[in-house]
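Let's take a friendly walk through this structure, one site at a time. Have the 3D view open as you read.

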Amino acid sequence: MTIAVKSYAAHSPTSPLGLFHFVRRDPRPEDVVIEILYAGVCHTDLHVARNDWGWSQYPVVPGHEIIGRVTAVGDKVTRVKLGDRVGVGCMVDACRDCGACRKGWEQYCEKGSTSTYGSKDRVDGTPTHGGYSEQIVVTQDFVLKLPSKLDLAGAAPLLCAGVTMWSPLRHWRVATGSRVGIVGLGGLGHMGLKLAKALGADVTLFSRSPGKEEDARRLGAERVVISSDKAQMKSVAGRFDLIIDTVPYEHDLNPYIPALATGGTLVLVGYLGPLQQTPVRTSGMVVGRKAIAGSLIGGIVETQEMLDFCADKGISADVEVINMQQINEAYERMLKSDVKYRFVIDIASLRAQA
Ligand code: NAP
Ligand code: ZN
Ligand code: ZN
């Protein structure tokens with residue numbers, strides 16, 4: 001079976017994404033072939049397309065919030081069947097044998113998990129390519145089952161934005177009465193508000209953007225704090241058990257430390273890189289037994305748990321569906337925080353392109 005697909009790829013950090021043809025790897029006995037229907041647009045796609053982190057290998061076909069339908073299965077596939085609605089997130093494989101994998105933390109695989117795009121296939125070494133494409137081939141253990149209640153386009157962002165917020169909320173045991181802060185109202189942030197609220201937390205949005213108050217309240221926040229306003233920051237001093245910071249670029253973390261309750265944790269999920277402009281003052285951490293931590297997406301079992309939770313609670317992402325051909329414009333809008341709150345590509349528009 002030769003699976004030739006159309007896709008959109010970046011060929012250098014500065015070139016816009018454009019049409020790119022390639023052949024998917026031949027399906028193996030444990031593989032599932034998926035016709036992609038929707039692909040969410042994560043800020044990570046933009047970071048990798050533009051080589052913000054310095055390790056991109058071109059061409060890059062981004063997309064790790066994938067929703068599709070099963071069109072073929074290998075002989076050994078038992079978890080899904082033809083026609084099933086499924087999802088694929090940020091990983092397509094891991095060693096499955098190390099301490100982390102055995103705990104269900106494939107994202108922290110000690111040998112390095114295989115990313116949906118920008119990695120090498122563990123068996124044949126071919127480059128992995130993501131969801132801005134017509135089809136994908138994935139080993140069954142990394143395919144998520146989509147509960148029937150979930151809307152297809154609205155579910156796509158759950159595969160990365162959703163689980164990236166869910167994993168720290170669960171790890172730090174957020175439950176009824178927890179006080180949670182979410183920094184940044186973008187794709188991740190808006191899922192953070194919804195999920196924390198559904199877990200029973202009292203939720204606050206920290207934003208640099210005035211004017212997001214009404215949306216934030218609709219999405220689950222009890223209050224909005226403008227992070228540049230010292231009086232507003234002071235008004236929430238000592239409040240939070242957990243703050244999850246989704247801001248993609250370097251910013252000052254010091255104002256968030258006093259907002260933590262004693263023993264509270266600030267979890268970074270957005271910015272990956274050195275803090276050079278504003279070093280963290282450790283005194284506030286030491287005095288209040290406060291922590292700064294990081295968190296990466298989520299494991300396969302917890303991703304399925306999150307999808308089932310969302311179906312149960314009627315949660316999906318707020319999406320703006322776009323055509324594949326609008327992706328470069330969408331990236332520019334994402335940089336201006338001009339998206340409510342996740343772009344999702346309708347892959348039918350790619351299929352229709354000559
Ligand atoms: P997004 O939709 O662009 O949202 C980011 C939000 O951060 C913006 O809406 C804005 O919110 C705020 N913001 C943006 N630029 C800022 C700046 N220069 N200073 C202060 N605030 C700023 O991005 P996303 O898709 O949610 O992704 C957020 C980050 O998480 C990205 O860096 C992405 O690569 C990373 N990520 C990490 C993981 C993980 O596993 N750890 C998973 C997925 C994504 P306000 O206007 O409300 O301030
Ligand atoms: Zn992502
Ligand atoms: Zn492993």
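## The shell around ligand 1

A good place to begin is ligand 1. Two helices, H1 (43–49) and H5 (187–198), each contribute at least two residues to the shell around this ligand. Helix H1 gives the most, with 3 residues. Please keep in mind that this is a predicted model. The shell counts 28 residues, and those that come nearest to ligand 1 are His43, Thr44, Ser209, Ile297 and Arg342. By character, the shell splits into 12 nonpolar, 13 polar and 3 charged residues.

Several polar atoms of the protein face oxygen atoms of ligand 1. Thr44 places a polar side-chain atom 2.7 Å from an oxygen atom of the ligand. Backbone atoms take part as well: a polar backbone atom of Gly270 is 2.9 Å from an oxygen atom of ligand 1, and a backbone N or O atom of Ile297 lies 2.7 Å from an oxygen atom of ligand 1. How much of ligand 1 does the protein cover? On its own, ligand 1 has 920 Å² of accessible area, and the protein covers 91% of that.

## Ile297, a residue to look at twice

Ile297 is among the residues that come nearest to ligand 1, and its backbone deserves a look of its own. Its phi is near 25 degrees, a positive value in a residue other than glycine. Ile297 sits in the loop between strand E15 (291–294) and helix H9 (300–313).

Is Ile297 buried or exposed? Its relative accessible area is 13%, so Ile297 counts as buried, given that the cut-off for buried is under 20%.

## The zinc site with four cysteines

Now to the metals. The zinc ion listed as ligand 3 is coordinated by the SG atoms of Cys95, Cys98, Cys101 and Cys109, at 2.3 to 2.4 Å. Along the sequence, these donor residues follow the spacing C-x2-C-x2-C-x7-C. Two of the donors, Cys98 and Cys109, link distant parts of the chain 11 residues apart: Cys98 is in the loop between strand E6 (91–93) and helix H2 (99–102), while Cys109 is in the loop between H2 and strand E7 (114–115).

Why is the arrangement around the zinc ion (ligand 3) called tetrahedral? Because the 4 donor atoms subtend angles of 104 to 119 degrees, and the criterion asks that all angles lie between 85 and 135 degrees. For comparison, the ideal angle for four tetrahedral donors is 109.5 degrees. As for exposure, Cys98 is buried at a relative accessible area of 10%, and Cys109 is buried at 8%.

## The zinc site with mixed donors

The zinc ion listed as ligand 2 has another set of donors: Cys42 (SG), His64 (NE2) and Cys160 (SG) coordinate it at 2.0 to 2.3 Å. In sequence, the spacing reads C-x21-H-x95-C. Cys42 lies in the loop between E3 and H1, and His64 lies in the loop between H1 and strand E4 (66–73), so this pair ties together parts that are 22 residues apart in sequence.

Both members of that pair are buried: Cys42 has a relative accessible area of 4%, and His64 has 6%.

## Cis peptide bonds

The loop between H1 and E4 also contains Pro59. The peptide bond from Tyr58 to Pro59 is cis, with omega near 0 degrees.

A cis peptide bond also runs from Lys340 to Tyr341, with omega near -15 degrees. Tyr341 belongs to the loop between helix H10 (327–335) and strand E17 (342–346). That loop between H10 and E17 holds Ser337 too, which has a positive phi of about 55 degrees although it is not a glycine. Ser337 is partly exposed, with a relative accessible area of 31%.

## A contact across the sequence

One last stop is Glu30, in the loop between strand E2 (18–24) and strand E3 (31–40). Which separation in sequence goes with a C-alpha to C-alpha distance of 5.5 Å between Glu30 and Thr139? The two residues are 109 residues apart in sequence. Glu30 itself is partly exposed, at 36% relative accessible area.

Notes
Residues are numbered from 1 along each chain as its sequence is written. Chains are lettered from A and ligands numbered from 1 in the order in which they are written. This is a predicted model: local features need pLDDT of at least 70, side-chain atom pairs count only at pLDDT 80 or more; totals for chains, interfaces and linings use all residues. Side-chain values use heavy atoms; hydrogens and water are left out. Donors are N, O and S atoms within 2.8 Å of the metal (3.2 Å for Na, K and Ca); water is not among the atoms, so sites may look incomplete. Four donors count as tetrahedral if all angles lie between 85 and 135 degrees; four count as square planar and six as octahedral if opposite donors are over 155 degrees apart and all others between 65 and 115; anything else is irregular. Helices (H or I, at least four residues) and strands (E, at least two) are DSSP runs, numbered from the N terminus. Buried means under 20% relative accessible area, exposed over 50%, partly exposed in between (1.4 Å probe, protein chains only). A residue is near a molecule or strand if one of its heavy atoms lies within 4 Å of it. A polar contact is a pair of N or O atoms within 3.5 Å; within protein, one must be able to donate a hydrogen and the other to accept it, and residues adjacent in sequence count only if both atoms are side-chain atoms. Accessible areas come from the Shrake-Rupley method with a 1.4 Å probe; for residues, only the protein chains shown count as cover. Ala, Val, Leu, Ile, Met, Phe, Trp, Tyr, Cys and Pro count as nonpolar, Asp, Glu, Lys and Arg as charged, and the others, Gly among them, as polar.
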